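Here's a set of exercises to work through with the viewer open. Try each task before you read its solution.

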Amino acid sequence: AVKSGKGVHSKKDSSAMRVSDLSQDATKAKQFLSSLQRVGRVQGVVEFVASGSRMRVFLPKDTSMITVLLAGVSCPRASQVMRSGQSQAAEPYGDEALELTRDACLQREVGVEVESVDRAGNYVGWVFVDDKNLSLELVKASVASVHFSAERSRYSSLLRTAEDACKQGRDKIWANYEEPKEVEVQESAAAAVDDSPDRKCHYQQVVVSHVESPTHFWVQSVDTGAKLEQLMDQLNSELSSHPPLTGSFTPKRGEKCAAQYTDGMWYRALVEKSVSGNEVHLLYIDFGNREKQAAKTLAPLPSSLTALSAQAQEHRLACARAPSDEEWLDESLSLFQTLVQEKELKMNVEYRIQGQTYVSLVDSSSQPEDVCRHMLEEGVLIVEKRRDRRLQTLVAEYQQAEEKARKERVAMWRYGDVTADEAAEFGYKK
């Protein structure tokens with residue numbers, strides 16, 4: 001064999017097997033995504049396990065290597081040594097999830113069903129060992145939770161059933177689990193119909209999150225601000241770690257979803273209506289602003305983030321109306337924004353009309369001031385009279401402020417009375 005140069009003794013260059021890394025970059029990974037999806041379940045061998053939900057799989061048929069992230073689950077992080085040499089501690093049960101995955105599939109044949117690819121080029125899919133869904137096994141072992149992306153898969157019900165059973169058992173990651181309770185923004189007791197002759201003030205601390213007009217706005221409760229911040233952090237963390245596949249979610253009217261605003265952050269939104277098959281009208285339920293977006297850019301809202309009720313509440317300014325003239329309407333809007341934005345205010349519900357809540361706002365700084373009264377004195381609002389006995393003192397105060405502006409010819413009163421009976425004469429009524 002040596003003399004004839006056969007086999008390993010050949011002087012010719014051996015044809016080494018070339019393995020292509022499909023997860024080397026996102027562009028390359030996306031090129032092969034459709035072909036992997038068409039195949040369905042492809043056979044491979046797990047070469048390396050990095051964490052409970054992350055592994056490297058060799059595909060013999062294609063002579064390629066891919067990085068696979070287990071679909072439908074979130075695993076706690078395992079301990080690891082960073083490039084700097086420093087050790088990073090594991091999250092609770094992160095190492096246990098890693099060991100379970102290693103024992104189940106390392107250097108073993110597995111079946112992989114690829115669903116999508118993330119921005120880093122990692123394939124997100126289901127891994128089967130002896131026809132057992134590895135994602136489901138991790139959930140059953142109480143070392144992984146169900147990720148919201150599982151809701152659109154055919155394994156959703158199995159995963160949710162297993163997770164619910166583990167939650168009841170309070171085992172491992174669910175040891176301190178508590179059933180979520182719906183949290184609602186506290187409403188003032190004055191919101192109810194009150195026929196008493198005395199006006200009652202039950203103030204709540206709020207911040208104005210969005211302004212529609214000088215008398216129409218949205219507020220958030222200061223008391224639930226921490227919960228909203230926590231929700232926002234969780235929402236953006238989830239969608240940054242598991243970016244949604246563009247076009248994979250079809251929003252329906254009245255459905256809550258996640259929408260990415262112009263600042264790059266994800267927010268909870270409500271689909272109010274669809275203009276066409278490609279565009280929808282959204283209401284950001286925690287802030288009150290509206291926007292049109294392409295339907296394909298939206299993502300399903302994680303079920304764990306639906307318990308907290310909408311944090312933006314719609315209100316209108318009590319006993320006042322904005323001027324109809326465009327010039328003074330702009331002046332009124334500008335002043336209102338200056339008085340309320342980025343400030344904590346005290347809000348009192350005064351009355352309701354056809355489902356609309358009318359409130360008074362007081363600046364809660366060292367020198368408290370009624371916002372509406374200030375705007376009336378500046379001549380950019382008009383008093384809206386009310387017959388309610390309990391509101392007569394408030395209306396009288398507002399009328400006094402308006403009368404002061406009239407006498408001093410402030411703002412829109414500089415040419416005299418611009419209310420309905422004389423407005424046409426001065427060109428204010430159109």
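**Exercise 1. The cores**

Which residues touch the most other members in the largest nonpolar core? Keep in mind that you're working on a predicted model.

*Solution.*
Step 1: Pick out the core itself, which holds 44 residues.
Step 2: Look at who touches whom inside this core; M55, V57 and Y123 come out with the most other members touched.
Step 3: Ask which strand feeds the core. Strand β9, residues 123–129, gives the most to it, with six residues.
Step 4: Now look elsewhere. Another core of 39 residues lies apart from the largest one, and F217, W328, V371 and I382 are among its members.

**Exercise 2. The chain as a whole**

Work out how much of the protein chain is buried and how many helices and strands the chain has.

*Solution.*
Step 1: Go for the secondary structure: the chain comes to nine helices and 24 strands.
Step 2: Turn to burial. Of the 430 residues, 44% are buried.
Step 3: Check the surface. About 23700 Å² is exposed, and carbon and sulfur atoms supply 46% of that area.
Step 4: Finish with the contacts. Take those between residues at least 6 apart in sequence; 61% of them join residues at least 24 apart.

**Exercise 3. An open sheet**

Find the strand order of the open sheet of five strands, then describe what surrounds β14.

*Solution.*
Step 1: Read across the sheet: the order is β17-β16-β15-β14-β18, and the pairing is antiparallel.
Step 2: Identify the edges. These are β17 (290–294) and β18 (299–300), each of which pairs on one side only.
Step 3: Take β14 (residues 256–260) and β15 (residues 266–274). Five bridges join these antiparallel strands. Within this pairing, A258 stands opposite R268, and Q260 stands opposite W266.
Step 4: Look at the turn. The hairpin of β14 and β15 has five residues between the strands, and G264 takes a positive phi near 85° there.
Step 5: Go to the other neighbour. Two bridges join β14 to β18, again antiparallel, and here A258 stands opposite A299.
Step 6: Add the helix. Helix α5 (residues 225–241) lies across β14 and β15, running at about 85° to β15.

**Exercise 4. Two hairpins in a row**

Trace β2, β3 and β4, and give a bridge partner for each pairing.

*Solution.*
Step 1: Start with β2 (residues 41–51) and β3 (residues 54–59), which pair in the antiparallel sense over five bridges. In β3, M55 is the bridge partner of V49. M55 has come up before, as one of the residues touching the most other members of the largest core.
Step 2: Count the residues between β2 and β3: the hairpin has two.
Step 3: Carry on to β4 (residues 64–70), joined to β3 by six bridges in an antiparallel run. F58 has M65 in β4 as its bridge partner.
Step 4: Check the second turn. Four residues lie between β3 and β4, and T63 in this turn has a positive phi of about 50°.

**Exercise 5. Positive phi in loops**

Where are D130 and Q354 found, and are they buried or exposed?

*Solution.*
Step 1: Recall the background: most residues other than glycine have a negative phi.
Step 2: Take D130. Its phi is near 50°, and it is found in the loop between β9 and β10 (132–133). D130 counts as exposed because its relative accessibility is 57%, where the cut-off is over 50%.
Step 3: Take Q354. Its phi is also positive, near 50°, and its place is in the loop between β21 (345–353) and β22 (356–363). At 80% relative accessibility, Q354 counts as exposed too.

**Exercise 6. The surroundings of V73**

Which residues beyond its sequence neighbours is V73 in contact with?

*Solution.*
Step 1: Place V73: it is found in strand β5 (residues 73–74).
Step 2: Check its burial. V73 is buried, since its relative accessible area of 2% is under the 20% cut-off.
Step 3: Leave aside neighbours within four places in sequence. The contacts are then S135, V139, A144, S145, V146, H147 and H242.
Step 4: Pick V139 from that set. It is 66 residues from V73 along the chain, yet their C-alpha atoms are separated by 7.6 Å.

**Exercise 7. Cysteines**

How many disulfides does the structure hold?

*Solution.*
Step 1: The count is zero.
Step 2: Compare two cysteines. C105 is buried, with a relative accessible area of 0%, whereas C201 is partly exposed at 36%.

Methods. Residues are numbered from 1 along each chain as its sequence is written. This is a predicted model: local features need pLDDT of at least 70, side-chain atom pairs count only at pLDDT 80 or more; totals for chains, interfaces and linings use all residues. Side-chain values use heavy atoms; hydrogens and water are left out. Two strands pair if DSSP finds at least two bridges between them. Contact means heavy atoms within 4.5 Å. Axes are lines fitted to C-alpha atoms, for helices over the stretch in contact, and angles run from 0 to 180 degrees between N-to-C directions. A nonpolar core is a set of buried Ala, Val, Leu, Ile, Met, Phe, Trp, Tyr and Cys residues joined through side-chain atoms within 4.5 Å. Buried means under 20% relative accessible area, exposed over 50%, partly exposed in between (1.4 Å probe, protein chains only). Accessible areas come from the Shrake-Rupley method with a 1.4 Å probe; for residues, only the protein chains shown count as cover. A disulfide is a pair of cysteine sulfur atoms within 2.5 Å.
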